[in-house]
Each structure stands twice: as C-alpha cells, then as structure tokens.
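Reader: I'm new to this, so could you walk me through the terms used for a protein model?
Author: Sure, have a look at it and then ask away.

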Amino acid sequence: MRIIVVGCGKVGRTIVERLSGEGHDIAVIDTDSDVITDVTDNFDVMGVVGNGASYSVLKEAGIEDTNLLIAVTDSDELNLLCCLFAKKAGDCSTVARVRNPLYNDEIGYIREELGLSMTINPERAAASEISRLLRFPSAIKIDTFARGRVELLQFVIPQGSILDNCSLTELGSRVKAEVLVCAVQRRGEVVIPGGSFVLHAGDTASVIAEPSHARNFFSKIGVEIHRVANTMIVGGGTIAYYLAKQLLSYGIGVKIIEKDRSRCEWLSQNLPKAIIINGDGTDQDILMEEGIETCESFVTLTGIDEENIFLSLFAQQCNQSAKVITKTNRISIDTIIDRLNLGSMIHPKNITAESIIRYARAMQNSLGSNVETLYYIVEGKAEALEFAIHNEPSVVNIPLAKLHTKDNVLIACIIRNGKSILPNGQTSIEEGDSVIIVTTHKGFGDIKDILEK
C-alpha cells in the first residue's frame with residue numbers, strides 16, 4: 001500500500017518505523033531538510049522537503065497514487081488542511097492528528113465535513129490509558145477489546161504469590177477464576193504459553209478476561225484491586241488536562257504541580273475541582289510539602305523524559321505504596337528503564353502508532369475479516385489483535401484443535417453476541433464473532449494470517 005506521512009516528529013517517525021517494517025511503500029514530507037535526511041537514511045522511504053498542505057509538494061510525493069495520507073505535524077490546522085488537499089488531489093483515505101482540547105467537542109463534525117477517515121488525539125488516548133491504570137492500580141498496562149467488554153492486563157507476579165510455581169493447567173483449580181494467561185515475559189524473553197508452562201514470581205504475565213472476572217482473579221491472588229482515591233500529577237500539559245478531567249468525573253482527587261503561572265491560571269479556570277499548584281515539580285521540598293509521602297498515586301507528565309524518570313524514582317523512595325506512572329517519549333532507552341522498575345510506562349507516540357497501523361492493516365485486508373483493535377504488548381515484543389469475522393470459511397465452524405495455526409499464536413478470546421468465551425480445543429469460530437489473537441509474529445492483517453500456509 002502507498003502511504004504518505006506528513007510530519008516526522010516523534011509520532012511521525014514512530015509511524016514510519018512501524019509501517020516501513022510492514023512492507024508499505026512510504027513517502028515522508030517535512031519542512032526540515034535535516035529531519036528528512038535522518039528519516040530516509042534510517043528507513044527505506046522516499047523523502048520530500050516542503051509543506052504538506054502544498055499541492056505541488058503532495059504531487060511530488062505521489063499523492064495521485066496514494067492510498068493513505070497521515071498528517072501528524074505539530075499544528076492541528078495544518079494537519080486538517082493537508083488531509084483536505086490530499087482528499088481533493090488524490091481521493092485517498094486520510095488520518096489527522098488533532099490535539100487541541102478546543103476541537104474536542106467538535107471532532108465528529110470536523111471529521112464528517114472534511115471527509116477524514118480517522119482522527120487521533122495522542123494526549124487524550126494517553127490520558128485514557130493512565131485513567132484505566134489508576135482505576136486498577138495493580139496492573140502495569142491495561143488494553144481493552146470489544147468496546148470494553150474484554151480486558152488484557154499485564155502485571156508482575158509478586159514474591160510469595162499463589163501463582164509462583166503454578167502451571168497453567170493447575171491455574172483453574174488453584175485460583176478458580178475465568179481468565180486466560182496469554183503471554184509471559186521472563187528475563188526479556190516473551191512466551192506464548194501452553195498448558196505445561198509454569199509461572200514464577202517476577203514474571204510479567206498478560207491475562208485476558210471480562211473486567212468483573214479480572215477483578216475476581218486479582219482478588220483471589222491477593223492483589224489490590226481498589227482504585228486510587230487521589231493522584232498527584234507533575235506537569236500541567238495537555239495530557240494532564242485530559243487526565244484530570246477524566247479522574248475528577250470518577251470522584252478521584254487531583255493535584256497538579258505546574259511551574260508556568262499562565263498555564264496554572266488556565267488549568268484553574270478549566271478544572272475548578274482540581275488543586276493547581278504553581279511551583280517546580282522537580283523541587284523535592286515542594287513535593288514533600290504537597291504530600292508526596294501520602295498520595296495514593298503519582299504521575300509524571302513533564303516534557304523531559306529524564307525529569308519524569310527521576311521524579312518517579314523519588315516518589316517510590318518516599319511512598320512505596322503509591323501507584324507510579326511515568327511518561328516517556330524515547331522508547332530507545334526502555335532497556336535501561338526496565339531495570340529501574342518504574343511502575344507503569346506510558347508512551348503517547350506508541351498509542352498513536354497502534355491506532356494508525358490498525359487502520360492501515362484494516363484497509364488492505366480481505367473482506368473476510370477486519371482488524372478492529374491492535375495493541376503492542378510486553379514492550380512491543382508481541383501483538384494482541386481483535387478481528388471481526390464476516391465471511392471466512394478457512395477458520396469458521398472448525399474446532400480450534402483442528403485449525404493448523406502457526407507457532408506462537410494463541411486464540412485468546414471469542415466475543416459472540418456480546419458475551420466473551422475463553423476457548424478450548426472444541427470451540428469453533430462463527431461468522432459474526434470477534435476473535436482476539438495474541439502472537440509474537442508481526443504484521444497480521446487478516447484472520448487467515450494465523451494459519452500455516
């Protein structure tokens with residue numbers, strides 16, 4: 001598929017890296033020639049220096065033969081204009097990043113009037129992910145499927161847990177909860193486990209279940225399931241605004257520390273129920289004064305990764321019971337961060353890339369199934385995908401035990417008529433189902449991709 005990406009910042013570069021790895025023909029547009037040189041040197045893509053809202057620049061990038069244009073510059077208005085011009089010039093599908101809260105209530109109208117295929121708001125999506133974690137603080141990552149009916153939760157098995165030295169065949173009798181362990185990370189390696197696999201303390205396990213069953217499971221293994229009552233946020237940017245708005249609606253107390261006075265005034269006007277502190281969140285004295293030792297959760301949302309990391313480490317020293325969430329943008333340093341045990345990590349650009357790649361895969365697959373949801377799990381070493389089954393005889397009405405699936409592929413859950421099914425070998429996929437697959441393979445765009453050729 002031919003794709004144009006306008007804007008090669010953090011988000012744009014991540015999208016180019018992921019899409020180029022899936023074999024697409026990609027052109028990138030940016031006004032900065034050094035940025036274009038860097039991207040074209042590192043990935044097999046064509047680069048054009050210029051304004052993505054210019055018809056001549058779009059034409060040079062091949063807009064007339066393009067299937068999908070993705071506009072992710074720093075300007076919402078420029079992104080929308082790029083998509084409008086691309087739609088007129090090439091009649092391709094268009095995706096725009098729109099971040100400003102000003103457009104939040106109007107996004108449906110904007111999408112319809114400009115003929116956009118999709119809009120993405122990385123900050124709002126990141127805030128939603130953080131909000132889920134604060135409502136279920138024992139998990140280090142929570143992904144949702146089937147419009148929230150099914151959750152995939154990652155957690156670290158603690159020392160002394162009932163799960164330590166428990167095989168998956170014993171799990172049902174030992175815990176008596178309707179969950180399925182679908183991926184385990186141990187010493188950097190990811191396994192799609194079978195029934196004989198034995199869990200150990202320190203493993204990062206991913207389990208899939210309905211929300212109520214997930215809570216029952218965590219309760220039975222002795223893990224805290226109650227949402228936090230309050231949170232302290234350092235950094236008052238757009239993510240902090242969206243997050244505070246969501247948390248306040250759930251009755252969770254919010255305190256934001258922001259050093260820019262004018263931003264504090266804006267936050268005070270738009271979040272009247274939140275406590276806004278004008279101060280430097282990296283100042284340990286201020287953090288102590290504002291109650292870092294007693295808060296139930298601590299979220300670092302400054303624009304500097306190093307600040308966020310050190311703040312999270314300080315929070316863990318002061319308050320070992322607090323849920324700590326750390327935002328970082330440079331995923332390349334994750335191997336170092338993993339050794340620090342910083343709690344939950346949030347990468348806004350990854351969330352954006354997941355949404356756009358899901359859409360790109362759905363565009364190019366067959367009529368038999370569509371990618372409805374896509375998440376990179378266990379640090380991007382595996383994928384969890386939700387497929388909607390329309391008309392696919394190669395997988396429908398065949399017991400799963402007789403489906404010849406590839407190695408490292410797990411059919412984790414089937415959603416049928418709004419009900420989730422944790423399948424066994426006798427279960428069959430039916431037309432109209434949604435099917436959740438977990439795999440270490442990359443690039444699945446069709447349910448048929450799970451089968452051996």
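Author: Let's start with a definition: buried means under 20% relative accessible area, exposed means over 50%, and partly exposed is in between (1.4 Å probe, protein chains only). This is a predicted model, where local features need pLDDT of at least 70, side-chain atom pairs count only at pLDDT 80 or more, and totals for chains, interfaces and linings use all residues. Residues are numbered from 1 along each chain as its sequence is written, and side-chain values use heavy atoms, with hydrogens and water left out.

Reader: Why is Asp280 called partly exposed?
Author: Its relative accessibility is 31%, and partly exposed is the class between buried and exposed, so the label fits Asp280.

Reader: What makes a residue a contact of Asp280?
Author: Contact means heavy atoms within 4.5 Å. Leaving aside neighbours within four places in sequence, Asp280 has such contacts with Ile257, Lys259 and Ile286. There's also a polar contact, side chain to side chain, between Asp280 and Thr282 at 2.7 Å. The rule there is a pair of N or O atoms within 3.5 Å; within protein, one must be able to donate a hydrogen and the other to accept it, and residues adjacent in sequence count only if both atoms are side-chain atoms.

Reader: Where does Asp280 lie?
Author: Asp280 is in the loop between strand 16 (275–278) and helix 11 (284–289). Helices (H or I, at least four residues) and strands (E, at least two) are DSSP runs, numbered from the N terminus.

Reader: How do you know that the structure holds zero disulfides?
Author: A disulfide is a pair of cysteine sulfur atoms within 2.5 Å. Take Cys92: the closest cysteine sulfur, in Cys83, is 8.1 Å away, so that's too far for a bond. For Cys318 the closest is in Cys295, at 9.2 Å, again too far.

Reader: Are those two buried or partly exposed?
Author: Cys92 is buried, at 3% relative accessible area, while Cys318 counts as partly exposed at 21%.

Reader: Why is Arg187 called exposed?
Author: Arg187 has a relative accessible area of 77%, so it is exposed. Arg187 sits in the loop between strand 10 (180–186) and strand 11 (189–191), and it has a positive phi of about 50 degrees although it is not a glycine.

Reader: And what about Asn417?
Author: Asn417 is exposed, with a relative accessible area of 77%. You'll find Asn417 in the loop between strand 22 (409–416) and strand 23 (419–421), with a positive phi near 55 degrees.

Reader: What makes strand 24 mostly covered?
Author: Six of its six residues (434–439) are buried. Ser434, Ile436 and Val438 are on one side, and Val435, Ile437 and Thr439 are on the other. In a regular strand, side chains alternate between the two faces of the sheet.

Reader: How do you know that strand 24 pairs with strand 21?
Author: Two strands pair if DSSP finds at least two bridges between them. Six bridges join strand 21 (382–389) to strand 24, running antiparallel, and one of the partnerships is Glu386 with Ile436. Strand 22 is also joined to strand 24 by six bridges, antiparallel too, with Ile414 opposite Val435.
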